[in-house]
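Trainee: I've got a model open and I'd like to learn how to read it feature by feature. Can we walk through it together?

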Amino acid sequence: MKTRKTFITLAIALALVCGMVIGANAADTLKEISAYLNYGITIKYNGEVQNLTDAGGNRVYPISYNGTTYLPVRAVSNMLGIGVDWDGATQTVLLGKTGATVNLMETYKPYTSYQSVSRVISDWHDGPIFYQKSTTPENIGGETASSWLNLYNPKNNWAEDSNTLLCSFNIGGKYKTLTFKAYTNEDATLTVKGDNDSLLGEFKLTAGQTPQTFTIDLLNTKQLTFLLNNGVETYGIDIETYVFDAKLEA
């Protein structure tokens with residue numbers, strides 16, 4: 001098919017290239033141009049053909065302008081595993097790690113999904129116990145935390161799937177790495193998963209061991225899930241596995 005000519009403003013071009021919306025305060029820096037959306041260009045990475053997409057998963061294409069080919073920044077950064085963000089206040093495209101960190105437990109609220117048993121996030125029900133900000137800090141394995149996730153199974157839990165607990169956070173795909181500490185009073189396996197149930201990390205925790213620190217690559221995942229499996233029936237045993245001091249880095 002013959003490439004059709006598309007007249008666009010630089011604002012639209014940048015929205016395509018960056019996958020972000022440019023604020024109106026940048027109007028003085030814009031210049032109207034005439035360019036081509038080039039459907040005939042094929043992009044290969046490590047020998048494999050790539051379909052470039054924006055943040056919403058929609059197909060995007062290179063732009064040809066004055067003999068130069070421009071590629072969508074977000075699509076290419078995702079393909080290469082490089083973080084990308086947009087600072088509207090300074091009109092800056094941010095590539096790689098920005099150094100900005102946020103506390104997972106104090107920034108995002110969790111949600112759970114169970115097929116056979118209904119569990120509630122609260123301060124007394126069986127299942128995950130979540131404190132976004134506690135006025136009474138918790139002593140976890142000798143360390144103090146004011147916010148934490150406790151994957152907790154009480155000793156009177158008769159549920160068939162009581163040896164497995166999970167809790168998820170929607171973090172929006174904005175982060176590169178997660179660093180957190182974990183502690184358990186019973187041997188357990190803590191698994192961290194991303195989008196589409198992808199495995200980000202799996203850690204063997206030993207009962208009573210000093211809290212361990214783990215760092216994982218998030219690969220810009222949008223849904224972050226902690227899944228605990230202690231491998232034993234929980235009746236008669238209070239099992240508490242903590243995730244705390246969890247920092248997301250952009």
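Mentor: Sure, and keep in mind that this is a predicted model. Let's start with one residue: Tyr 45 sits in strand β3.

Trainee: Is Tyr 45 buried, exposed or partly exposed?

Mentor: You read that from the relative accessible area, where partly exposed covers the range between under 20% (buried) and over 50% (exposed). Tyr 45 comes out at 32%, so it counts as partly exposed.

Trainee: Which residues form a nonpolar patch with Tyr 45?

Mentor: Its partners on the surface are Leu 80, Ile 82, Val 93 and Leu 95, and the five together have about 380 Å² of accessible area. For scale, the accessible surface of the protein chain comes to about 13,700 Å², and carbon and sulfur atoms hold 50% of that.

Trainee: Zooming out, how many helices and strands does the protein chain have?

Mentor: There are 3 helices and 21 strands. The chain has 250 residues, of which 40% are buried. For a feel of how the chain meets itself, take contacts between residues at least 6 apart in sequence: 68% of them join residues at least 24 apart.

Trainee: Now backbone angles. Which residue in the loop between β3 and β4 should I look at?

Mentor: Look for positive phi in something other than glycine. Asn 46 fits, with a phi of about 55°, and it lies in the loop that runs between β3 (43-45) and β4 (48-50). Asn 46 is exposed, since its relative accessible area is 66%.

Trainee: Where does Asp 245 lie?

Mentor: Asp 245 is in strand β21, residues 239-249. Its phi is also positive, near 50°, and again the residue isn't a glycine. With 32% relative accessibility, Asp 245 is partly exposed.

Trainee: On to the rings. How many aromatic pairs does the structure hold?

Mentor: It holds 10. For each pair, you check the distance between centres and the angle between planes. Take Tyr 108 and Tyr 175: the centres are 6.2 Å apart and the planes are at 85°, so this pair is edge-to-face.

Trainee: Why does the pair of Tyr 108 and Tyr 175 tie together parts that are apart in sequence?

Mentor: Because Tyr 108 belongs to the loop between α3 (104-107) and β10 (110-111), while Tyr 175 belongs to the loop between β15 and β16 (177-184), so the pair ties together parts 67 residues apart. Tyr 108 is buried at 13% relative accessible area, and Tyr 175 is buried at 7%.

Another edge-to-face case is Phe 180 with Phe 203, at 5.9 Å centre to centre and 75° between the planes. That pair links strand β16, home of Phe 180, to strand β18 (residues 199-205), home of Phe 203, across 23 residues. Phe 180 and Phe 203 are both buried.

Trainee: Which residues do ring pairs link into a cluster?

Mentor: Phe 180 and Phe 203 are in it, along with Phe 130, Phe 169, Phe 214 and Phe 226.

Trainee: Last one: how do I read a polar residue like Ser 168? Is it buried or exposed?

Mentor: Start with accessibility, then look for polar partners. Ser 168 lies in strand β15 (residues 164-170) and is buried, because its relative accessible area is 5%. Its side chain makes a polar contact of 2.6 Å with the side chain of Thr 225. Leaving aside neighbours within four places in sequence, Ser 168 is in contact with Lys 109, Pro 110, Tyr 111, Gln 223, Leu 224 and Thr 225.

How values were computed:
Residues are numbered from 1 along each chain as its sequence is written. This is a predicted model: local features need pLDDT of at least 70, side-chain atom pairs count only at pLDDT 80 or more; totals for chains, interfaces and linings use all residues. Side-chain values use heavy atoms; hydrogens and water are left out. Helices (H or I, at least four residues) and strands (E, at least two) are DSSP runs, numbered from the N terminus. Buried means under 20% relative accessible area, exposed over 50%, partly exposed in between (1.4 Å probe, protein chains only). A polar contact is a pair of N or O atoms within 3.5 Å; within protein, one must be able to donate a hydrogen and the other to accept it, and residues adjacent in sequence count only if both atoms are side-chain atoms. Contact means heavy atoms within 4.5 Å. Rings of Phe, Tyr and Trp (its six-membered ring) pair if their centres lie within 6.5 Å; planes under 30 degrees apart count as stacked, over 60 as edge-to-face and the rest as tilted. Accessible areas come from the Shrake-Rupley method with a 1.4 Å probe; for residues, only the protein chains shown count as cover. Patches are made of residues with over 30% relative accessible area and no salt bridge: like charges are joined within 9 Å, nonpolar side chains (Val, Leu, Ile, Met, Phe, Trp, Tyr) within 5 Å. A salt bridge is a side-chain nitrogen of Lys or Arg within 4 Å of a carboxyl oxygen of Asp or Glu.
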